[in-house]
Amino acid sequence: MQTAEKASPATASVPDMKDIVALCKRRGFVFPASDIYGGLNGFWDYGPLGVELKNNLRDLWWKHMVTTPPIGPDGMPVDIVGLDSSIIQNPKAWIASGHVGGFSDPMVDCRESKKRYRADHLLLNRAMTQPISKIKGKEVYFVAFDHKAERDEFETRLKKLGFNTNQRVEIVSDGKVYEFYDKELGLDKEKLEKVIGPDATEPGTLTEPKQFNLMFHTFVGATAGEENKAYLRPETAQGIFLNFKNVLDSSRVRVPFGIAQIGKAFRNEVTPRNFIFRSREFEQMEMEWFCHPDEAKKWRDFWFEQRKQFWIGLGLTSDNVRMRQHDQDELSHYAKEGLGTADIEYRFPFTAPGFGELEGIAHRCDFDLKAHQEHSGVKLEYQDPVTNEKFTPHVIEPAAGLTRGVLALLCEAYTPDPNRPSGVYLDFHPSVAPKKAAILPLTAKEAHVPLATKLYMDIREHFNVDLDIKQNIGKRYARQDEIGTPFCFTIDDQTGQDQTVTVRHRNTMKQDRIGMDHVADYMRKNMLTATGR
């Protein structure tokens with residue numbers, strides 16, 4: 001397929017998320033959940049085109065992981081099987097995994113602004129032992145900012161509060177305000193009264209941090225008591241670990257092998273934000289790769305490269321995708337003793353020029369299998385059938401957000417173009433485009449519509465195509481540009497004479513003429529499915 005050259009991220013202007021969100025609603029990609037009732041914060045519905053885009057990404061991931069898994073270091077395909085586990089599991093599973101006791105964020109409330117903040121998402125200017133100023137007669141030790149604030153925002157706010165900004169103000173940039181509430185670091189409850197919150201006008205409005213558990217709970221059975229309490233899963237991974245022995249006993253798999261799963265997860269995020277980037281209901285694409293402890297590094301490096309190439313293969317430009325190794329203080333409890341975690345990050349418009357997490361590849365060690373073995377009393381060791389060695393497998397986990405992936409594809413595809421009527425087009429890779437082609441009769445004339453309908457009926461079994469008859473041809477082209485359709489096949493007067501149609505390419509708007517009976521082959525040739533590797 002011929003495509004127009006795109007500007008590099010260094011030179012291209014960053015699209016406005018408001019424009020992307022507006023297009024998503026206008027064209028049926030994403031709607032606010034319960035929209036007619038004013039929506040529900042942190043929840044989203046995927047419209048006719050959004051569900052196609054999401055399903056295309058889901059199916060490509062499944063193909064890459066399960067149906068035709070990658071070629072391993074030995075030159076043979078790796079072994080991965082699929083699973084679909086229950087959203088609600090025995091509550092003991094979440095105790096064993098550490099989620100009931102440790103899956104929480106430190107939160108602070110502001111009594112003045114009535115807003116709630118994650119304590120580790122606030123930044124403070126460094127002033128540990130003495131006040132830096134007085135506001136309304138009260139001593140001020142710290143001024144808190146949201147962790148996404150820029151330097152000019154610091155200065156504007158400090159000026160508004162009456163500070164002398166000629167003096168350099170140091171900013172704690174590691175995002176760990178909750179440690180500054182530790183008495184050993186100098187900020188006790190008394191000094192907390194001398195902190196100005198991010199949206200407050202005077203000190204003393206922030207509460208002490210409290211741990212806020214992120215799991216949604218429900219009740220199983222007829223009564224709603226603690227004995228019937230259960231949880232919506234905050235990740236799909238635990239269902240895989242719980243079924244490790246079942247899969248081993250019922251399938252012809254041997255370590256090393258993987259179990260893959262796609263499904264809904266739920267986290268009661270206190271501050272869902274950035275459209276569908278951080279929501280309370282989302283979908284994950286996770287694979288747990290079980291291997292010998294001595295081979296963990298080999299497989300971690302293997303999956304690092306595989307997963308990065310998958311996203312680049314779907315059209316995310318390499319300049320917008322990077323791998324970042326977690327610092328030691330970022331690591332989850334299951335990764336602290338191992339090789340750590342690296343994120344595949346994407347340069348979203350709301351993070352630019354920085355990046356946001358798209359997928360994590362973690363070395364979970366043997367934490368999960370050992371934890372469930374201890375709490376359940378069921379042996380989850382593996383015995384090598386060749387050497388008879390018994391060991392608890394280590395796990396490498398590539399875990400991607402399906403809904404975050406949809407957002408990355410939308411942001412990457414969004415291409416302003418003032419030279420076309422729509423003013424914008426979505427430059428989707430053909431493999432993920434919701435509609436692969438549009439069949440457009442030039443007019444609603446009797447001579448055009450039957451031929452267009454015949455072509456549509458001929459190829460709809462092979463491709464997801466759109467038969468669009470209404471409005472003038474320019475408006476229909478504009479609509480197809482906005483929804484990212486790679487090709488438009490137009491039926492006109494000449495079609496009835498020589499059985500040819502016009503092909504319009506989305507990116508270049510170039511038009512070719514081909515035989516009507518060659519359309520399906522033309523699409524097969526130009527719509528090569530991206531494998532991501």
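**Exercise 1. Is Arg 324 buried, partly exposed or exposed, and what is its relative accessibility?** Determine also how Arg 324 is connected to Asp 343.

*Solution.* The model is a predicted one.

Step 1. The relative accessibility of Arg 324 is 22%, so this residue counts as partly exposed. The cut-off that decides the matter is 20%, since buried means under 20% relative accessible area.

Step 2. Asp 343 has a relative accessible area of 4% and is therefore buried.

Step 3. A salt bridge joins the side chains of Arg 324 and Asp 343, with an N to O distance of 3.9 Å. Arg 324 belongs to strand S16 (residues 321–325) and Asp 343 to strand S17 (residues 341–346), so the pair ties together parts that are 19 residues apart in sequence.

**Exercise 2. Describe the sheet that contains S16 and S17.**

*Solution.*

Step 1. The sheet is open, has 7 strands and shows mixed pairing. Its order reads S3-S14-S15-S21-S18-S17-S16.

Step 2. The edges are formed by strand S3 (80–83) and S16, each of which pairs on one side only. From one strand to the next, the twist averages 20 degrees.

Step 3. At the S3 edge, S3 runs parallel to strand S14 (residues 257–266), and 4 bridges join the two. Within this pairing, Leu 83 has Gln 261 in S14 as its bridge partner.

**Exercise 3. Locate Ser 279 and characterise its surroundings.**

*Solution.*

Step 1. Ser 279 sits in the loop between S14 and strand S15 (281–291).

Step 2. Its relative accessibility is 5%, so Ser 279 counts as buried.

Step 3. With neighbours within four places in sequence left aside, Ser 279 is in contact with Gly 42, Trp 44, Arg 267, Glu 269 and Pro 272. The C-alpha atoms of Ser 279 and Trp 44 are separated by 7.9 Å, although the two residues are 235 residues apart along the chain.

Step 4. A polar atom of the Ser 279 side chain lies 3.1 Å from the backbone oxygen of Glu 281.

Step 5. Glu 269, one of the contacts of Ser 279, forms a salt bridge with Arg 278, with 3.6 Å between the closest N and O atoms. Glu 269 counts as buried because its relative accessibility is 8%. Arg 278 counts as buried because its value is 19%, and the limit for that class is under 20%.

**Exercise 4. How many salt bridges are counted, and which residues does one network of them join?** Treat the pair of Arg 479 and Asp 466 as an example.

*Solution.*

Step 1. The count is 29 salt bridges.

Step 2. In the example, the closest N and O atoms of Arg 479 and Asp 466 are 3.0 Å apart. Arg 479 lies in helix H13 (residues 473–483) and Asp 466 in strand S25 (residues 465–467), so distant parts of the chain, 13 residues apart, are linked.

Step 3. Arg 479 has a relative accessible area of 25% and is therefore partly exposed. For Asp 466 the value is 15%, so this residue is buried.

Step 4. Glu 235, Arg 364, Asp 368 and Glu 397 are joined into one network by salt bridges that share partners.

**Exercise 5. Analyse the hairpin formed by S27 and S28.**

*Solution.*

Step 1. Strand S27 (residues 500–505) pairs with strand S28 (residues 511–515) in the antiparallel sense, over 5 bridges.

Step 2. Val 501 has Ile 514 in S28 as its bridge partner.

Step 3. The hairpin has 5 residues between its strands, and Met 509 in the turn has a positive phi of about 65 degrees.

Methods: Residues numbered from 1 in each chain as written. Predicted model: local features only at pLDDT ≥ 70, side-chain atom pairs only at ≥ 80, totals over all residues. Heavy atoms only, no water. Salt bridge = Lys/Arg side-chain N within 4 Å of Asp/Glu carboxyl O. Buried < 20%, exposed > 50% of the residue type's maximum accessible area, 1.4 Å probe, protein only. Pairing = 2+ DSSP bridges. Axes fitted to C-alpha atoms, helices over the stretch in contact; angles between N-to-C directions. Contact = heavy atoms within 4.5 Å. Polar contact = N/O pair within 3.5 Å; in protein donor to acceptor, adjacent residues only side chain to side chain.
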